[in-house]
Amino acid sequence: MRTKAVLITPTGSSTGRVGAQAIASGSARLRPLIAEAARQNLRLAFTIRLAKSGYLHASGSRTDSPGIRRDVIQRADHTEERSYGPATTGNFAAVDFARRVDGAGGDVTAAVRRWLVETGRIHADAHITHLEVRTWRPR
């Protein structure tokens, strides 16, 4: 298994991305990033990509995320990327999200997916194809 050092800048910013192969294994490469962000008491946001049909709300829906098509990228392969937790619309304490990841046995993908289902954003059978996690230090 390849590992990569967790790099969080002095301002608390970092980004970790995983694609289909890493998603299948639970995005284990993102777990150390989330754990370190929690240790440093940082904030967290994520972007997911899945089939348009996997979302419960149309892109830009205020129920899903505030703003018309804000933080939504439409792809030619009938998938969409949506961001959750940007600083402008509220965000997550990394400590809280680290608990979710621990509760999912370290499976970051499962923790994100569970949160999306619990909050009524995606169908229970939706499959995440890409995942990105961003961190920063609150002001």
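## A pair within helix H2

In this predicted model, Glu-36 and Arg-39 both belong to helix H2, which spans residues 31-39, and they stand three residues apart, about one turn of the helix. Their side chains meet in a salt bridge, with a distance of 2.7 Å from N to O. The two partners fall into separate exposure classes: Glu-36 has a relative accessible area of 21% and is partly exposed, because the buried class is reserved for values under 20%, whereas Arg-39, with a relative accessible area of 62%, is exposed.

A search of the whole structure finds seven salt bridges, and the pair Glu-36 and Arg-39 is one that lies within a single helix, H2. Two further pairs, described next, join residues from separate elements.

## Pairs between separate elements

The side chains of Asp-77 and Arg-49 also meet in a salt bridge, at 3.0 Å from N to O. This pair links distant parts of the chain, since Asp-77 sits in the loop between strand E3 (72-74) and strand E4 (79-84), while Arg-49 is part of strand E2 (residues 43-51), 28 residues apart from it. On the loop side, Asp-77 is partly exposed, with a relative accessible area of 44%; on the strand side, Arg-49 has a relative accessible area of 14% and is therefore buried, the limit for that class being under 20%.

Another salt bridge is formed by the side chains of Arg-100 and Glu-118, again with 3.0 Å from N to O. Arg-100 lies in helix H3 (residues 94-103) and Glu-118 in helix H4 (residues 108-118), so this pair ties together parts that are 18 residues apart in sequence. The relative accessibility of Arg-100 is 28%, which places Arg-100 among the partly exposed residues.

## Packing of H2 against H3

Helices H2 and H3 pack with their axes 8 Å apart, at an angle of about 140°. With that angle H2 is oblique to H3, because only angles over 145 degrees would count as roughly antiparallel. The crossing of the two helices, H2 and H3, is left-handed.

On the H2 side, the contact involves Arg-31, Ile-34, Ala-37 and Ala-38, and these meet Ala-94, Val-95, Phe-97, Ala-98, Val-101 and Asp-102 of H3. By residue class, the contact of H2 with H3 comprises eight nonpolar and two charged residues, with no polar ones.

How values were computed:
Residues are numbered from 1 along each chain as its sequence is written. This is a predicted model: local features need pLDDT of at least 70, side-chain atom pairs count only at pLDDT 80 or more; totals for chains, interfaces and linings use all residues. Side-chain values use heavy atoms; hydrogens and water are left out. A salt bridge is a side-chain nitrogen of Lys or Arg within 4 Å of a carboxyl oxygen of Asp or Glu. Helices (H or I, at least four residues) and strands (E, at least two) are DSSP runs, numbered from the N terminus. Buried means under 20% relative accessible area, exposed over 50%, partly exposed in between (1.4 Å probe, protein chains only). Axes are lines fitted to C-alpha atoms, for helices over the stretch in contact, and angles run from 0 to 180 degrees between N-to-C directions. Angles under 35 degrees count as roughly parallel, over 145 as roughly antiparallel, 65 to 115 as roughly perpendicular and the rest as oblique. A crossing is left-handed if the near helix is turned anticlockwise from the far one by less than a right angle, and right-handed if clockwise. Contact means heavy atoms within 4.5 Å. Ala, Val, Leu, Ile, Met, Phe, Trp, Tyr, Cys and Pro count as nonpolar, Asp, Glu, Lys and Arg as charged, and the others, Gly among them, as polar.
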